[in-house]
Amino acid sequence: MTATPLLSALTTRAKDQAHTRTPTCPCGAATLTDRPDGTVVRHADTVAKAHAPDTTPTELTARLTTAADLPDILLPPLAPTPVDLHGRLVTFWPYGTPVDPEDPDAAPWEEAAILLARLHRTPAPPGLPPMRGPAKAARAIARLQAATRHRAVTPQPATEPVLRAWAALPAWARAEAPMPDLPDRPDRHGPPPHPTLCHGDLHLGQLVRHPAPDGPWLLIDVDDLGIGTPTWDLARPAAWYACGLLPPDEWTRFLTAYRAAGGPAVPAEGDPWPALDVAARALTVQTAALAIVKAAAADRPLDEVQQAVVDACARMGAVPPELTHGHAK
């Protein structure tokens, strides 16, 4: 990987921060992620992250404050405000041990569900922006459409069912209208709901053990944290289950633990799917769109998992989404 000015400067900042925390630092360094929307480097027990170029300072600061105030749910940052580095906002975090992708049987589904339930039951602080899940899905579709326009992706046969499934979703799930659970939704009747605190991008890569290596599990990555529709946080595992990519017993473990912890996104008993359907469809479409773009960029066909989510989008056309959002809160 060629070091960019941002990556080099970020690596230096992570080293300086680590040495401030631990003068006898063992000095192990690594680049964890280097993408246009986020670069993450580690130096010993310190992680530095350069956030996406369009990140808003006030919104990121509000999200950092929330993480700092909930250290039993979210990994707390090392500093309460971001710093500027080469025009990018940078934050610093303690290192936590991630989920081992080579040991799927040890995946902490129950722990993830309990953390989500606790997050959803925590009163949202004033000033926190909306959760960015639908906006992230809309960006994935925009990438697919741009790739199609530039002929980087062949329109047939994979893209059409994905775009049809996207068009069938309600406007809020496409980031074209406020989410149903926002207090200031303009078409709302009756008293506003209690704002729900949501993670916005839940998957197993968003959990770490802290203190490393075997502390309690905590949620990481506050970029999409905000108030909104809590079903979005359950939507990725729900979508994987619906696509046949998550075994039924693992989905049951996750859902049962969430309900037992008092999670408000689904009813305490009975069929959860009327509540989950729209968000699960949206996450399926998002995953399929990114799969097509990445496969095209690598000049290869879709793999088995990627084809499964595209096929799921094709099946969505036969059954309209659950447009009702009324469920126990």
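Which residue in the turn of the hairpin formed by β2 and β3 has a positive phi? In this predicted model, the residue is Ala-44, with a phi of about 55°. Two residues lie between the two strands of the hairpin. Six bridges join β2 to β3, and the strands run antiparallel. Within this pairing, Val-41 has Ala-48 of β3 as its bridge partner.

The hairpin belongs to an open sheet of five strands. The strand order is β1-β2-β3-β5-β4, and the pairing is antiparallel. β1 (29–35) and β4 (83–85) stand at the edges, each with a single partner strand, so one side of each has no neighbour in the sheet. From one strand to the next, the twist averages 25°.

β5 (residues 88–94) pairs with β4 through three bridges, again antiparallel. Here Leu-85 is bridged to Arg-88 in β5. β5 also pairs with β3, in the antiparallel sense, over five bridges. In that pairing, Ala-50 has Val-90 of β5 as its bridge partner.

Two helices contact the sheet. Helix α1 (residues 5–21) packs on the sheet and touches β1, β2 (38–43), β3 (46–51), β4 and β5. The direction of α1 makes about 40° with that of β2. Helix α2 (residues 57–69) lies across β3 and β5 and runs at about 10° to β5. β3 is mostly covered, with six of its six residues buried. Thr-46, Ala-48 and Ala-50 are buried on one side of the strand, and Val-47, Lys-49 and His-51 are buried on the other.

In soluble globular proteins, nonpolar side chains tend to be buried together. The largest nonpolar core in this model has 81 residues. Val-162, Leu-207, Leu-219 and Trp-232 have the most contacts inside this core. Helix α8 provides the largest share of the core, twelve residues. Apart from this core lies another, of eleven residues, among them Leu-7, Ala-9, Ala-48 and Leu-85. Beyond its neighbours within four places in sequence, Leu-207 is in contact with residues including Pro-98, Val-99, Leu-115, Trp-217 and Ile-220.

Helix α6 (residues 231–242) packs against α8 (residues 273–297) at an angle of about 75°, with the axes 7 Å apart. The angle makes α6 roughly perpendicular to α8. The residues of this contact divide into 14 nonpolar, three polar and one charged. On the α6 side they include Trp-232, Leu-234, Arg-236 and Tyr-241. On the α8 side they include Trp-273, Leu-276, Leu-283 and Gln-286. Trp-232 thus appears both in this contact and among the residues with the most contacts inside the largest core.

Conventions:
Residues numbered from 1 in each chain as written. Predicted model: local features only at pLDDT ≥ 70, side-chain atom pairs only at ≥ 80, totals over all residues. Heavy atoms only, no water. Axes fitted to C-alpha atoms, helices over the stretch in contact; angles between N-to-C directions. Helix = DSSP H or I, 4+ residues; strand = E, 2+ residues; numbered from the N terminus. Parallel < 35°, antiparallel > 145°, perpendicular 65-115°, else oblique. Contact = heavy atoms within 4.5 Å. Nonpolar A, V, L, I, M, F, W, Y, C, P; charged D, E, K, R; others polar. Core = buried A, V, L, I, M, F, W, Y, C linked by side-chain atoms within 4.5 Å. Buried < 20%, exposed > 50% of the residue type's maximum accessible area, 1.4 Å probe, protein only. Pairing = 2+ DSSP bridges.
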